[in-house]
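Biologist: Could you take one part of this model and go through it closely, strand by strand and then residue by residue? I would like a connected account rather than a list.

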Amino acid sequence: MRLVMYKMKYDVVVVGGGHAGCEAATAAANMGVSTLLVTMDMNKIAQMSCNPAVGGIAKGQIVREIDALGGQMGIVTDATAIQFRMLNRSKGPAVWSPRAQCDRGKFIWKWREVLDHTPNLDIWQDQVDELLVENGEAVGVHTIWGAEIRAKCVIITAGTFLNGLLHIGRCQVPGGRIAEPAVARLTESITRHGISTARMKTGTPVRIDRRSVHFEDMEIQEGENDFHRFSFMGSDRPLQQLTCWICYTNPEVHEVLLGGLEDSPLYNGQIQSIGPRYCPSIETKLMTFPERGQHMLFLEPEGETTNEMYLNGYSSSMPMDVQIAALRKIPALRDLKVYRPGYAIEYDFFDPMQLNHSLESKVVPCLFMAGQVNGTTGYEEAGGQGTVAGINAAIRCGGGNPFVMRRDESYIGVLIDDLVTKGVDEPYRMFTSRAEYRILLRQDDADARLTERSYQLGLATRERYDHWMEKKEHIRHIIQICEESHIRPKEVNGMLESLGTTPLHYGCKAVDLLGRPQVSLNELMQMVPALAEAVASLPNRREEIAEAAEVLMKYKGYIERERLVADKMHRLEDIKIRGHFDYPNMTQISIEARQKLARVNPETLAQASRIPGVSPSDINAMLVLMGR
């Protein structure tokens, strides 16, 4: 029998103060339910365990979606960014992705400020070691210090702490992060109720003292300082904007690393679990690409004033002497001093196929899970899941319908559908290629997709809603001017020829001219005075609004075509099948399909169609059986 020293009662209790936990806690609290965030260290709220950077390819879109829903990651990132860049500018706007390097310490304290000023939210510093389940439902948690916290819903966001094990060479130390203890017994208290678990691995690079770096031997990577932000409510970035740097490994580096391979936990059998495919360790790069003579490394600042720097691209769990000796073979790092070596960590996660799209457990009602405990990697993926879990836990407390986003509605919707439909066999990372409706899921239109819906839920504030509605009206007005303004050939042909595009033979509408790749809204404003006047008269966010309007006009055909495809898929989304079929005894479909469908138990026919091993003929057979 557990010793209970103190009792508390809340609507929602969130276990873990990482990126998933912080978003879950603030989302639930902002929807009006009493919420408690339990974290092991209040001074490491939203710790950026790996690179202190937010965003990147597809990840930046997720942060914009979190912000459009009324979440906090975008606001915190803008307030603590020390370098911002929009990635993929050479490609179409469907894959433009914002990324920001942040001040690690200021990021934590900005998040702490947000939590401290969120109504309905309390923080408790402690370590949860038991899930409380009664009559098959989650009813709270118990902590190592004897606190019993009762709640209507429990959200587990424990990151890499569940039975975490750190590796540097042949040294192994239990821990959730370097110098932080692992969480024992919590995994076992969850799996005893029928929830399955497995192990994953991730890693992080060496931290470097900038005073020992020869920057004259590196390439400069400057940031950008235009109007782009993460938050649609964002203001100017207040911190000093800094430079990042690029260098490369070489054959001498590789020789040192390969010489220490027998002591690498990844290759001597010490680590058995699977690491992230798209963020491999340096030793994995050497084994996977033996023909390459060099690998690019990014040296990035950890903060506005600190000397600590992060070596992106050099994740490793090799012995520390090998890591450092190899790096000193790089000319810019010949006098290298480090704060700590890189390390790997193994940890428990739970099978996400045992979750509903609301992120509530199918096995234990009222239990929600978000972040790396679901087999994902990345702050952004965690934050997106945390937002959805927090929203749905708050809804569960009041008895409403779950909040679920479709695959054509958000990258977060793609992420969650992939997790619960396909499961994971390696740490899941979001890419634009995972989304079939990329032109509908741009970073510029997350507010158009999600803010009104979030406001109806009660998460997005009236201020945010009004902010979007004002922007929406301005975009409509700009598009209307372009659709109504007539262009005469003699007025514009000189400019068109200077832009390298075919002159007009007949007049056309301004919006048609914008369809040409060589013509941007800036050039169009020189041709249409009414358009220039409308843009100039915008009270604020002029460039953001103009860009959003331009993308909608320039890519109208692509957007409409993709919307038609998505709408066709909605017909299958509308066909509910859970509880309609006895899959093991369905002789009309393949044996593999029976097994996969029985395991996932999909909610809709569209979800069934996305399960690996379920063929189109299986879907047709199910349609016939339903009389459709």
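Modeller: The model is a predicted one, and I will begin with the pairing of two strands. β4 and β5, the latter spanning residues 97–102, run antiparallel and are joined by six bridges; within this pairing, Leu87 stands opposite Ser97 of β5. The two strands belong to an open sheet of three strands, which is ordered β3-β5-β4 and paired in antiparallel fashion. Its edges are formed by β3, residues 53–55, and β4, residues 81–87, each of which pairs on one side only. From one strand to the next, the twist of this sheet averages 15 degrees.

A helix accompanies this sheet: α2, made up of residues 59–69, lies across β3 and β5, and runs at about 85 degrees to β5. Within α2 sits Gln61, a residue that deserves a closer look. Gln61 counts as buried because its relative accessible area is 0%, where under 20% is the cut-off. Its side chain reaches the backbone oxygen of Trp96 at 3.1 Å. Leaving aside residues up to four places away in sequence, Gln61 touches Gly56, a run of residues comprising Ala94, Val95, Trp96, Ser97 and Pro98, and also Tyr411, Thr432, Leu441, Arg442 and Gln443. Ser97 thus appears twice in this account, as a residue touched by Gln61 and as the one opposite Leu87.

The helix α1, residues 19–30, can be set beside this. Its twelve residues reach 16 Å from the first C-alpha to the last, close to the 16 Å expected at 1.5 Å a residue. α1 is mostly covered, with eleven of its twelve residues buried; among them are His19, Cys22, Glu23 and Thr26, together with alanines such as Ala20 and Ala29. After α1 comes Gly32, which has a positive phi, near 100 degrees.

For a second sheet to set alongside, there is an open one of six strands in the order β14-β15-β16-β17-β13-β18, again with antiparallel pairing. Here the edge strands, each pairing on one side only, are β14, residues 219–221, and β18, residues 338–340. The twist in this sheet averages 35 degrees from one strand to the next. Strand β13, residues 207–209, runs antiparallel to β18 and is joined to β18 by two bridges, with Arg207 having Arg340 in β18 as its bridge partner.

Methods
Residues numbered from 1 in each chain as written. Predicted model: local features only at pLDDT ≥ 70, side-chain atom pairs only at ≥ 80, totals over all residues. Heavy atoms only, no water. Pairing = 2+ DSSP bridges. Helix = DSSP H or I, 4+ residues; strand = E, 2+ residues; numbered from the N terminus. Axes fitted to C-alpha atoms, helices over the stretch in contact; angles between N-to-C directions. Contact = heavy atoms within 4.5 Å. Expected span 1.5 Å × (residues − 1). Buried < 20%, exposed > 50% of the residue type's maximum accessible area, 1.4 Å probe, protein only. Polar contact = N/O pair within 3.5 Å; in protein donor to acceptor, adjacent residues only side chain to side chain.
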